[in-house]
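Reader: I would like to learn how to read the features of a model like this one. Please take them in turn.

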Amino acid sequence: VRLSNGLIVRAFFTSHPVVSQGYVVYRSKSKLKEEFRGLDQKDIAARARSGVKVNEAYEVPLVSFTGDTDVRFLQPIVGDISDIGDGDEDDVASHRHYRDDVDGETASPSDRHDTRAVQTLRDALMADAFLCECTFVDESVKRADALAFGHMTYQDIVAHRECFTKCRHLVLTHFSARY
């Protein structure tokens, strides 16, 4: 969705017992095409006046927000999330589900791994500010139990910290009222 002032919003898949998605807000910018770099400024201006496109558009992810989600929203990037069950494989297997119907249709696993969908998720993780749900911040709730309710734990963030290294600011949100 294009907004005013060169802002663009795109959604990415999240994982929650009810329909949910995250969002990335981008700033649309332009830069001189590689082939014109190093040329005289007057030459570039003359080419632009003659109708040659001398600039190319690009987008910068500014801020992203997960909304309600569990750690499985990261699966298109990290693969199988198998460290959730706190050592109990039955816990992991019993909580492997996605609620994927968006706009009345069901998103298949291949939709989650679509090139554009994965790129939007990667962009979300590279935004200047990444606002990420983290409902449980201590070990009083097992990770598998948090997963059953579609929420993340601090342990999920730590276990997948490599996913969050490219955002400038990681802001944890959506804390449980118990804290």
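Author: This is a predicted model. The strand pairing is a place to begin: β2 and β3 run antiparallel and are joined by 10 bridges. Within that pairing, tyrosine 26 stands opposite proline 61 in β3.

Reader: In which sense do β3 and β6 pair, parallel or antiparallel, and over how many bridges?

Author: β3 and β6 pair in the parallel sense, over three bridges. There, phenylalanine 65 stands opposite leucine 131 in β6.

Reader: How many helices and strands does the protein have, and what pattern do they follow along the sequence?

Author: The protein has seven helices and seven strands. Read along the sequence, the pattern is β-β-α-β-α-α-β-β-α-α-β-α-α-β.

Reader: What share of the contacts with a separation of 6 or more comes from residues 24 or more positions apart?

Author: The share is 67% for the protein.

Reader: Next, burial. What percentage of the residues count as buried, and how much area does the protein expose?

Author: Of the 179 residues, 37% count as buried. The exposed area is about 10,200 Å², and carbon and sulfur atoms supply 51% of that area.

Reader: How should the largest nonpolar core be read, and which of its residues touch the most other members?

Author: A nonpolar core is a set of buried residues of nonpolar type whose side-chain atoms lie within 4.5 Å. The largest one here has 18 residues, and those that touch the most other members are Phe73, Leu74, Leu125, Phe130 and Phe164. The elements that give two or more residues to this core are β1, β2 (21–32), α5 (115–126) and β6 (129–133). The largest share, three residues, comes from α5.

Reader: Which residues is phenylalanine 73 in contact with, leaving aside neighbours within four places in sequence?

Author: Phenylalanine 73 is in contact with Phe12, Phe13, Thr14, Ser15, Thr66, Leu121, Phe130 and Met152. Phe130 is thus on this contact list, and Phe130 is also named among the core residues that touch the most other members.

Reader: Which residues form the nonpolar patch on the surface?

Author: The patch consists of Val137, Tyr154, Val158, Phe175 and Tyr179, with about 440 Å² of accessible area together. Take one of them as a case: phenylalanine 175 is found in the segment after β7. Phenylalanine 175 counts as partly exposed, at 44% relative accessibility.

Reader: Now the charged pairs. What is the general idea, and how many salt bridges does the structure hold?

Author: Side chains of opposite charge can pair when their charged atoms come close. The structure holds six salt bridges. One of them joins glutamate 59 to arginine 10, with the closest N and O atoms 2.6 Å apart. Glutamate 59 lies in strand β3 (residues 55–65) and arginine 10 in strand β1, so the pair ties together parts that are 49 residues apart in sequence.

Reader: Is arginine 10 buried or exposed?

Author: Arginine 10 counts as buried, at 18% relative accessibility. Its partner, glutamate 59, counts as partly exposed at 30%.

Reader: How far apart are the closest N and O atoms of arginine 143 and aspartate 156?

Author: In that salt bridge the closest N and O atoms are 2.7 Å apart. The pair links distant parts of the chain, 13 residues apart: arginine 143 is in helix α6 (residues 143–148) and aspartate 156 in helix α7 (residues 154–159). Arginine 143 counts as buried at 10% relative accessibility, and aspartate 156 counts as buried at 2%.

Reader: Which residue forms a salt bridge with arginine 37?

Author: The partner is glutamate 34, and the closest N and O atoms are 2.6 Å apart. Arginine 37 counts as partly exposed, at 38% relative accessibility. Glutamate 34 is exposed, with a relative accessible area of 57%.

Reader: Last, the backbone. What should I look for in phi?

Author: Most residues other than glycine have a negative phi. Asparagine 5 is not a glycine, yet has a positive phi of about 60°. Histidine 174 also has a positive phi, near 65°.

Reader: Where do asparagine 5 and histidine 174 lie?

Author: Asparagine 5 lies in the segment before β1 (7–13) and is exposed, with a relative accessible area of 65%. Histidine 174 is found in the segment after β7 (169–173) and is partly exposed, at 39%.

Notes: Residues numbered from 1 in each chain as written. Predicted model: local features only at pLDDT ≥ 70, side-chain atom pairs only at ≥ 80, totals over all residues. Heavy atoms only, no water. Helix = DSSP H or I, 4+ residues; strand = E, 2+ residues; numbered from the N terminus. Buried < 20%, exposed > 50% of the residue type's maximum accessible area, 1.4 Å probe, protein only. Contact = heavy atoms within 4.5 Å. Areas by Shrake-Rupley, 256 points an atom, 1.4 Å probe, with all protein chains shown as cover. Patch = residues over 30% accessible without salt bridge, like charges linked within 9 Å, V, L, I, M, F, W, Y side chains within 5 Å. Salt bridge = Lys/Arg side-chain N within 4 Å of Asp/Glu carboxyl O. Pairing = 2+ DSSP bridges.
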